[in-house]
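Please open the model in a viewer and keep the selection tool at hand. The tour below proceeds one selection at a time.

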Amino acid sequence: MITIRRAEQRGHFDHGWLDTSHTFSFADYYDPDFMGFRTLRVINEDRVAPGRGFGTHAHRDMEIVTCVLEGALAHRDSMGNGSVIRRGDVQRMSAGTGVMHSEMNGSGDEPVHFMQIWILPERRGIDPGYEQKNFSDEQRRNTLRLVASRDGRDGSVTVHQDASMYLSLLDGTVSHDFASGRHGWLQVARGEVELNGGRTSRPPQEGGRDVRPPMTLKAGDGAAISGESRITMTGIGAEFLLFDLN
């Protein structure tokens, strides 16, 4: 089963310095039907004005993964880390027993556009941790590039949960197989993605007529995937995130 969540269904707030969309309930946006999906708790798409950002604030017991699409995001935290995250960078911060950090637009004249993901950890009270790696456009082009995983395989950052996250820049077709009992979430950042040829995998019939709904996702759209052994994605100038979840 594939369930589409359209971009316009997300919680959206424009604070002037921050334009933000929430796929799941977050901060002042609350929808009891969308509190997360499996171990995914947050998918936020943020655009922050030059010279602005999120001042020092606290987190605990959460795996936070940040991907910059455009611009530069300056990060500082109570673990002593200070870095600038740019396009292609994937940052993982394990909040664990508690961490303080700030996130500011690293440019004085250009906005920063990024996706931030929160994943529930497999247990509470782990030691805080930080990791940042770059995955170039070429590494992600027309493939599913693993960028985060439980075991850090294939050079991905390590998350404390049985979850894998892939990034792709796609003009063509790729497929992903799900093991039995696994689930997925697809989030489109740019362009357009057709799932399973643009149609549901098990179409209903009505008087012998195919009444399958279209399965085309555009920027901001997401899809919950359950009970599927394989999905096929065809991209048209697409940039997207794919999660494989327990």
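This is a predicted model. Begin by selecting strand S6 (63–70), strand S9 (89–94) and strand S21 (230–245). S6, S9 and S21 each contribute at least two residues to the lining of the largest cavity, and S6 gives the most, with 3 residues.

**The cavity.** Display next the full lining of the largest cavity: Cys67, Val68, Leu69, Arg87, Gly88, Asp89, Val90, Arg140, Leu167, Ala189, Glu239 and Leu241. By type, these residues divide into 7 nonpolar, 1 polar and 4 charged. The volume enclosed is about 70 Å³, and the structure holds 1 cavity of 30 Å³ or more.

**The nonpolar cores.** Now select Leu40, Ile43, Val90, Ile117, Met165, Trp185 and Phe243, the residues with the most contacts inside the largest nonpolar core, which has 25 residues. At least two residues of this core come from each of strand S4 (40–48), S6, strand S11 (112–119), strand S13 (145–149), strand S15 (163–177), strand S16 (183–199) and S21. Val90 thus appears both in this core and in the cavity lining.

Centre the view on Met165. Which residues is Met165 in contact with, leaving aside its neighbours within four places in sequence? They are Val65, Cys67, Ile117, Arg145, Leu146, Val147, Ala148, Leu241, Leu242 and Phe243. A second, separate core has 20 residues; to locate this core, select Tyr166, Phe178, Leu217 and Phe240, which are among its members.

**The largest pocket.** Proceed to the largest pocket, which contains about 250 Å³ of space. Of its 17 lining residues, Leu18, His22, Phe26, Asn44 and Phe54 are the closest to the centre. Strand S3 (18–22), S4, S5 and S11 each give two or more residues to this lining. The pocket lining comprises 7 nonpolar, 7 polar and 3 charged residues.

**Two loop residues.** Finish with two backbone positions. Most residues other than glycine have a negative phi. Select Asp61, in the loop between strand S5 (53–59) and S6; Asp61 is not a glycine, yet its phi is positive, at about 50°. Is Asp61 buried or exposed? Asp61 is buried, because its relative accessible area is 9%, and buried means under 20%.

Then select Asn142, in the loop between helix H1 (137–140) and S13. Asn142 likewise has a positive phi, near 55°. With a relative accessible area of 40%, Asn142 is partly exposed.

Terms used. Residues numbered from 1 in each chain as written. Predicted model: local features only at pLDDT ≥ 70, side-chain atom pairs only at ≥ 80, totals over all residues. Heavy atoms only, no water. Core = buried A, V, L, I, M, F, W, Y, C linked by side-chain atoms within 4.5 Å. Buried < 20%, exposed > 50% of the residue type's maximum accessible area, 1.4 Å probe, protein only. Helix = DSSP H or I, 4+ residues; strand = E, 2+ residues; numbered from the N terminus. Contact = heavy atoms within 4.5 Å. 1 Å grid on protein atoms, 1.4 Å probe; cavity = no way out; pocket = protein on both sides within 12 Å on 5 of 7 lines; lining within 4 Å. Points joined across faces, edges and corners; volume = space filled by probe spheres on them. Nonpolar A, V, L, I, M, F, W, Y, C, P; charged D, E, K, R; others polar.
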